[in-house]
Amino acid sequence: MKVALTLLVFLLSSPITSFAQAPDSMKTGEMPQIEVLGVPERLLRLPGSASIVGHQTIRQTAPVSGNEVFRKVTGLNIVDEEGLGMRANIGIRGLDPDRSRTVLVMEDGVPVALSPYGEPELYYTPSIDRMSGIEVLKGSGSILFGPQTIGGVINYLTANPPPVPTTEAVVRGGQDGFFVGRFSHGSTLGNSGYNVTYLRKSGNGVGVLDYGIHDLNAKFKQVLSPKSVLGIKLGIYDEVSNSTYVGITQGMYDSGLYDFTHPAPDDQLSVRRYSLSATHDHFFTPDFRLKTTVFGYTTTRDWSRQDFRTSPRPQDTYIRTLGDLYFFDRTGNRNRSFEVMGVEPRFSSTFRIADIRNELDFGFRYVFERAYEKRIDGTVARPTSGTLREDEVRTGSAYSAFVQDRVYVTDDLTVTPGVRLEHFIYERDIYRRANAEVSVVKSDQVTSVIPGVGVSYQLGRNSSVFAGIHRGFSPPRVKDAISSTGVSAELDAEYSWNSELGFRGELIRGLSAELTGFHMDFSNQIIPVSESSGGSGVPGAGLVNGGRTRHTGLEAGFSAELGRLFDLGFTVDWDVAATFTQARFSSDRFVDDGGTSVNVNGHVLPYAPEIMLNSSVHAVLPFGFQAGFSAQYTGRQYGDVLNSTIPSADGQVGLLDAFMVMDASLNWNLPGMDAFTLTSSVKNLTDERYIVSRRPQGIRLGLPRFVSLGLEVSL
């Protein structure tokens, strides 16, 4: 922590100079921050599948949840939790979507997970309402980031300081008290720029959820010299909601009486996050650059959840019942707080060897993380003042180094080899377990070399083919790897070999496509024990090295400018994202099924649909109108490794049927008032009733038909 603070003080204390002769690019230089892909033009030479979702697409979608935006990207399976995207569950190419554990999620290049190495869950997810874009990278280029290099990288992009004074205000309202209000203002004055955004979100029974969110973000840019730019970002997030793990049972679902009745209204989740980062760009020469990022954030996640059963017992006393759910006057308060800090110097150099152009990126990173966890057993009336049942601290230090060189073998052929080294040391200190004082300390470590190489060949000005292979790596969660008795579970890190072959470019004038075939071969996939994934939450109770799995499939994305193709005289854009995946266990693994040992070799992985389709049409019509329509299809999924088709009574096991959801939107730029836009959207247009998940503790349904109206002002 001292290292990060020292560097931050140094950056802030660097002399600020005025210079009239500096290049314009430095006067209004870009905000220094880590980008995964950079400008869209770089996509053509990327040696792997990637997508950029721009601000205009986000705005046209008018999302209630960021999940609606992610579904536009091939390869991504999004499982709704509460319908509002406050805790994203993203699986890439058949990987388990629970809490997005196998995806590296960042905001402006800085990780956002609770602990990037030891607990990579997304209990906090950046709000889509304040984003200017999203980058998604699934190829070998992900080894530049880490530590999660299995599924891919998702990088949220926020608005940078604008060159001129800009003010934006957005207000949206809908049924069930749904409200989104965003205000932002920014400008650049001489060598200094800023952008400040405040977001307020709330609802009263949206789906089943009551919630309130305050989200404040600020960016500051300072040009220090003709060769030096400093960027600082500050974030404050506060959320209170009655989020719950409890779903409804199969009988309650079949009755149709409890679809959107909150099963545990006394549950309460509080999430508070403070973040600060600084990035300094120094250009030694036009061909040699150093980007240094220092970041730190804290996340507090306190969750009070009422104990319950789905089958009553005569000896028990219950204070409330709902259908087949029987609730005790007992709560378990899972209170956790996390501290993360890191520093990363990243060098970029352009040079020639034997007249061959090279673009070299290399750097180092140190990340320190610490988690404090307490379990307090209380009552519904006094959930936080009960008995301290568990108390522990988990600590980790991660050291990594990376290098990647893009070699321009010819004008059309580029080869991009790279390698990443990860070394993670972790420790679990347990002070109290099962209501008794203990002293348990255990540490362990993992080291891995992560190589990768990609190739891109330009077929013409606007198209290319690419291929790549890289090592996938994900360290074991600290709480899973070391048991509560101080015994190492000897969990391996998750390893895979990921390969892909694809094409991207313009097929004909106005018609573009990206086609990617992929194959992921896991030498070991961890089967998590966490409650969110349907486990008991008790380390050692069913957690295993899951063995080999294989993921093979095809991603296809098409974009057609129909207005341009058919000379319609107005703009009509049609986009299609299709993914076909087979994700299966590929070695013997025996699972208990009511006393019978079943080999699941060849079974489909849970929550890995074989088919996902998303199609959308957006039209810019006369008189200032814009209209959009989209349809999203998700194929059937299994809820457990046994591939059970008959649902269990508690609703946690069984098949999830395929479903299709359609959305529509209509916006109107007021005549003579270009700064004002009226917006409207209808989600789930046909009011489809469908199951999105059977875990952690029962059936969850997708949002019903949902209508919202809004006003956008940009000055």
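In this predicted model, Asp108 counts as buried, with just 6% relative accessibility. Its salt-bridge partner is Lys233, and the N to O distance between the two side chains is 2.7 Å. Lys233 counts as buried too, at 11% relative accessibility. Lys233 sits in strand β12, while Asp108 belongs to the loop between β4 (103-107) and β5 (110-111), so this pair ties together parts that lie 125 residues apart in sequence.

Other charged pairs turn up as well, and the whole structure holds 45 salt bridges. One of them joins Arg420 to Glu422, with the closest N and O atoms 2.7 Å apart. Arg420 is buried at 1% relative accessibility, and Glu422 is buried at 1%. Shared partners link Glu107, Asp108, Arg130, Asp215, Lys219 and Lys233 into one salt-bridge network. Arg101 and Asp98 also pair up, at 2.1 Å from N to O; Arg101 has a relative accessible area of 10%, which means it is buried, and Asp98 is buried at 5%.

Now for the nonpolar side of things. The largest nonpolar core contains 43 residues, and those with the most contacts inside it are Phe70, Leu76, Ile90, Ile134, Ile154 and Tyr211. Apart from this core lies another, made of 18 residues that include Val110, Tyr297, Val446 and Tyr495.

Nonpolar residues show up on the surface too: Val196, Tyr198, Leu216, Phe220, Leu234, Ile236, Tyr274 and Leu276 make a patch of about 630 Å². Two or more residues of this patch come from each of β10 (192-206), β11 (209-225), β12 (228-241) and β13 (268-285). Ile236, placed in strand β12, counts as partly exposed at 32% relative accessibility.

Notes. Residues are numbered from 1 along each chain as its sequence is written. This is a predicted model: local features need pLDDT of at least 70, side-chain atom pairs count only at pLDDT 80 or more; totals for chains, interfaces and linings use all residues. Side-chain values use heavy atoms; hydrogens and water are left out. A nonpolar core is a set of buried Ala, Val, Leu, Ile, Met, Phe, Trp, Tyr and Cys residues joined through side-chain atoms within 4.5 Å. Buried means under 20% relative accessible area, exposed over 50%, partly exposed in between (1.4 Å probe, protein chains only). Patches are made of residues with over 30% relative accessible area and no salt bridge: like charges are joined within 9 Å, nonpolar side chains (Val, Leu, Ile, Met, Phe, Trp, Tyr) within 5 Å. Accessible areas come from the Shrake-Rupley method with a 1.4 Å probe; for residues, only the protein chains shown count as cover. A salt bridge is a side-chain nitrogen of Lys or Arg within 4 Å of a carboxyl oxygen of Asp or Glu. Helices (H or I, at least four residues) and strands (E, at least two) are DSSP runs, numbered from the N terminus.
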